[in-house]
Amino acid sequence: MKRAALRNTKSGAYILFEAETDSFGVWINRGGWAGHHHVALEPTNGAPDSLEMAVKDWKRFWTLAPGETKAWSVKIALGSDAKASGNDLLARRIS
C-alpha cells in the first residue's frame, strides 16, 4: 500500500489516499479549463504519465493478459487539523 496526500498548509485541510499501487498521478489545472483551478491525485499503474517511459525508463507498470482483470481498493480520508505537522497527522489517519 502506498499513500499520497494533498494538504492546505494554511487551513490544515487534507485529502489522503491509500491504494494498492506503486504510483499516483497528480493533475494540476491553473485556470486552463473554463477558468477553474484544481488539483487531484489518482492511483495509477504506470509512472510517469507516458506508458513508454514507464516501461523503458522507470520499469514501473502493470500488464494484463487478454481477458484478465485486476481488482484493487482505495481508501480516502478527509480532515482538517491546523495544529498538526503534515507527516505525523497523515500517518495516523489511515490504519
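**Figure 1. Nonpolar surface patch of the predicted model.** In this predicted model, Trp-72, Val-74, Ile-76 and Leu-78 form a nonpolar patch of about 400 Å² on the surface. One of these residues, Leu-78, belongs to strand E5, which covers residues 74–80. Leu-78 is classed as exposed because its relative accessibility is 65%, the cut-off for that class being over 50%.

**Figure 2. The largest nonpolar core.** Five residues make up the largest nonpolar core: Ala-4, Phe-17, Ala-19, Phe-24 and Leu-41. In soluble globular proteins, nonpolar side chains tend to be buried together. With residues up to four places away in sequence set aside, the contacts of Ala-19 are Met-1, Lys-2, Phe-24, Pro-43, Trp-72, Ser-73 and Val-74. Among these contacts of Ala-19 is Phe-24, which is also a member of the core. Trp-72 and Val-74, also touched by Ala-19, belong to the surface patch of Figure 1.

**Figure 3. Surroundings of Thr-21.** Thr-21 sits in the loop that joins strand E2 (13–19) to strand E3 (23–33). Its relative accessible area is 5%, so Thr-21 counts as buried. The side chain of Thr-21 comes to 2.5 Å from the backbone oxygen of Thr-44. A polar atom of the same side chain, that of Thr-21, lies 3.2 Å from the backbone oxygen of Ser-23. Beyond its neighbours within four places in sequence, Thr-21 contacts Lys-2, Pro-43, Thr-44 and Trp-62. Lys-2 and Pro-43 also appear among the contacts of Ala-19.

**Figure 4. Salt bridge between Arg-3 and Glu-18.** Arg-3 is part of strand E1 (residues 2–7). The side chains of Arg-3 and Glu-18 form a salt bridge, with an N to O distance of 3.0 Å. This pair joins distant parts of the chain, Arg-3 in strand E1 and Glu-18 in strand E2. The two residues, Arg-3 and Glu-18, are 15 positions apart in sequence, while their C-alpha atoms are 4.4 Å apart. Arg-3 counts as partly exposed because its relative accessibility is 41%. Glu-18, by contrast, has a relative accessible area of 8% and is therefore buried. Side chains of opposite charge can pair when their charged atoms come close.

**Figure 5. Glu-18 in a salt-bridge network.** Glu-18 also forms a salt bridge with Lys-75, in which the closest N and O atoms are 4.0 Å apart. Here too the pair connects distant parts of the chain: Glu-18 in strand E2 and Lys-75 in strand E5, 57 residues apart. Lys-75 counts as partly exposed, because its relative accessibility is 37%. Arg-3, Glu-18 and Lys-75 are thereby linked in a network of salt bridges.

**Figure 6. Salt bridge within helix H1.** Across the whole structure, a search finds three salt bridges. One of them joins the side chains of Glu-52 and Lys-56, at 3.0 Å from N to O. Glu-52 and Lys-56 are separated by about one helical turn because they are four residues apart in helix H1 (residues 51–58). Lys-56 counts as exposed because its relative accessibility is 53%.

**Figure 7. Overview of the fold.** The protein has two helices and five strands, in the order β-β-β-β-α-β-α from the N terminus. Of its 95 residues, 23% are buried. Among contacts with a separation of 6 or more, 43% join residues 24 or more positions apart. The protein exposes about 7,000 Å², of which 54% comes from carbon and sulfur atoms.

Definitions and conventions:
Residues are numbered from 1 along each chain as its sequence is written. This is a predicted model: local features need pLDDT of at least 70, side-chain atom pairs count only at pLDDT 80 or more; totals for chains, interfaces and linings use all residues. Side-chain values use heavy atoms; hydrogens and water are left out. Patches are made of residues with over 30% relative accessible area and no salt bridge: like charges are joined within 9 Å, nonpolar side chains (Val, Leu, Ile, Met, Phe, Trp, Tyr) within 5 Å. Accessible areas come from the Shrake-Rupley method with a 1.4 Å probe; for residues, only the protein chains shown count as cover. Buried means under 20% relative accessible area, exposed over 50%, partly exposed in between (1.4 Å probe, protein chains only). A nonpolar core is a set of buried Ala, Val, Leu, Ile, Met, Phe, Trp, Tyr and Cys residues joined through side-chain atoms within 4.5 Å. Contact means heavy atoms within 4.5 Å. A polar contact is a pair of N or O atoms within 3.5 Å; within protein, one must be able to donate a hydrogen and the other to accept it, and residues adjacent in sequence count only if both atoms are side-chain atoms.
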